[in-house]
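Subject: Structure for your files

Hello,

Please find the structure below. My notes come after it.

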Amino acid sequence: MGFGLQLPEYPWNTMEPYRDKASRHPDGMVNLSIGTPVDPTPAVIQEALKAAADSPGYPTTHGTLKLREAIADWYGRRRNVPGLDPAAVMPTVGSKELVAWLPLLLGLGKDNVVVRPTVAYPTYDIGAILAGATPVAADSLDELDPATRGRVKLVWINSPGNPTGIVRDTASMRGLVEQAREAGAVVASDECYAELGWDEWDQERGGKAVPSVLDPEVAQGSHEGLLSVYSLSKQSNLAGYRAAFIAGDPVLMANLVNSRKHAGMIVPLPVQEAMRAALGDTAHVQAQKDLYRSRRERLLPALRDFGLQVQHSEAGLYLWGTTGEDTWTAVDRLAQLGIVVGPGVFYGERGNGFIRVALTEADERIDAAVERLR
């Protein structure tokens, strides 16, 4: 018999011809496809990592108490989640591994359904497949037939959404939580772009805060069945540190901590200390958001000049839209300009005809893209 998991081919491998074409541009490639941070990791975080470099012992899976207290305090200050118990918090090795393994860690299997947004990060589906469950695309449980709805055990919220930038307001999120609770399902909310709201969701410009699933107005007095997933990769340029965390239902969290202890899913202590420093410093978060805002404000009109009809994109690190043509035609036309973007088809059937443009390039490369688009 053969060995190995039977998973779909990693989608980004198909981008090689377009990267090759873009790299032949006389002024070089501008890579606006994968949203990986390019700006320096803030000095306050680097110093905390260095100070904890002498760490000969094993770190704890649950995380140090000081880190968990820092996470709970951050939820209170930045996510309108007061009084979060540090025991109901745990660091994770980035958020992608948590997304991929959560269905399995929750004990889901072949008789269960995992619901994810209709246009979504593909790892939600992979997590369901790894557990032997069935992934289903829906933005509301009302979209499901009764038989499918009766099998739902995990509902993913992604707000702000990747790739669309859609933000669910408090009422929308509360409604989905109520549906999930009626179905006896867990709600896991991937909220890693929450500090990067624009326009009506831009707090620094008079907008509203992006709501968390643990917000009292959403949770309605109890965190039962609710999990909030967060990453520091975006707001603190920590993608290389694999620094993230999960918080929520105390009963679920205790089980997750125990399971992860058995599996050896542990964040290194120096990274835990770097996370603590990152959560305690708001200046670098604001400075990074200002950089992304500036890049967005330059790219947005240039993409519209090119013919991109930008949709949603009210938060996050991406601009989502269509040129009115096939996804791959748009990807190829941009590659001819030396610009690489993300194909919408990577994010589900509803992504056909769309592209995703990341804001994560250095200013000089953003300016180069703007000049080419115009």
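The notes cover a sheet, two helices on it, two residues in one of those helices, and the nonpolar cores.

This is a predicted model, in which local features need pLDDT of at least 70 and side-chain atom pairs count only at pLDDT 80 or more, while totals for chains, interfaces and linings use all residues. Residues are numbered from 1 along each chain as its sequence is written, and side-chain values use heavy atoms, with hydrogens and water left out.

The sheet

Five strands form an open sheet with mixed pairing, in the order β1-β11-β12-β10-β9. Helices (H or I, at least four residues) and strands (E, at least two) are DSSP runs, numbered from the N terminus; two strands pair if DSSP finds at least two bridges between them. At the edges are β1 (30-32) and β9 (309-311), each pairing on one side only. From one strand to the next the twist averages 40 degrees. Axes are lines fitted to C-alpha atoms, for helices over the stretch in contact, and angles run from 0 to 180 degrees between N-to-C directions.

β12 (residues 355-358) pairs with β10 (residues 318-322) in the antiparallel sense, over 4 bridges. Opposite L319 stands V357 of β12, and opposite Y318 stands A358. β11 and β12 also run antiparallel, joined by 2 bridges, and G342 has R356 in β12 as its bridge partner. In a regular strand the side chains alternate between the two faces of the sheet. In β12, I355 and V357 point one way and R356 and A358 the other, and all are buried (under 20% relative accessible area; exposed is over 50%, partly exposed in between; 1.4 Å probe, protein chains only).

Helices on the sheet

Helix α12 (residues 283-306) packs on the sheet and touches β1, β9, β10 and β12; its direction makes about 10 degrees with that of β10. Helix α14 (residues 363-373) also packs on the sheet, touching β1 and β11 (339-343), with its direction at about 95 degrees to that of β1.

Two residues of α12

Which residues does R295, in helix α12, contact outside its neighbours within four places in sequence? They are D39, Q288, L359, E361, A362, D363 and I366, where contact means heavy atoms within 4.5 Å. R295 is buried, at 2% relative accessibility. A polar atom of the R295 side chain lies 3.4 Å from the backbone oxygen of E361.

Q288 lies in helix α12 and is buried, with a relative accessible area of 7%. With the same neighbours left aside, Q288 is in contact with D39, K234, Q235, N237 and R295. Its side chain makes a polar contact with that of N237 (2.8 Å). A polar contact is a pair of N or O atoms within 3.5 Å; within protein, one must be able to donate a hydrogen and the other to accept it, and residues adjacent in sequence count only if both atoms are side-chain atoms.

Nonpolar cores

A nonpolar core is a set of buried Ala, Val, Leu, Ile, Met, Phe, Trp, Tyr and Cys residues joined through side-chain atoms within 4.5 Å. The largest has 48 residues, of which Y75, V155, V213, L232 and F245 touch the most other members. Elements supplying at least two residues each include β5 (152-158), α7 (170-183) and β8 (243-248), and α3 gives the most, with 6 residues. A second, separate core of 41 residues includes Y18, F354, A358 and A369.

Regards
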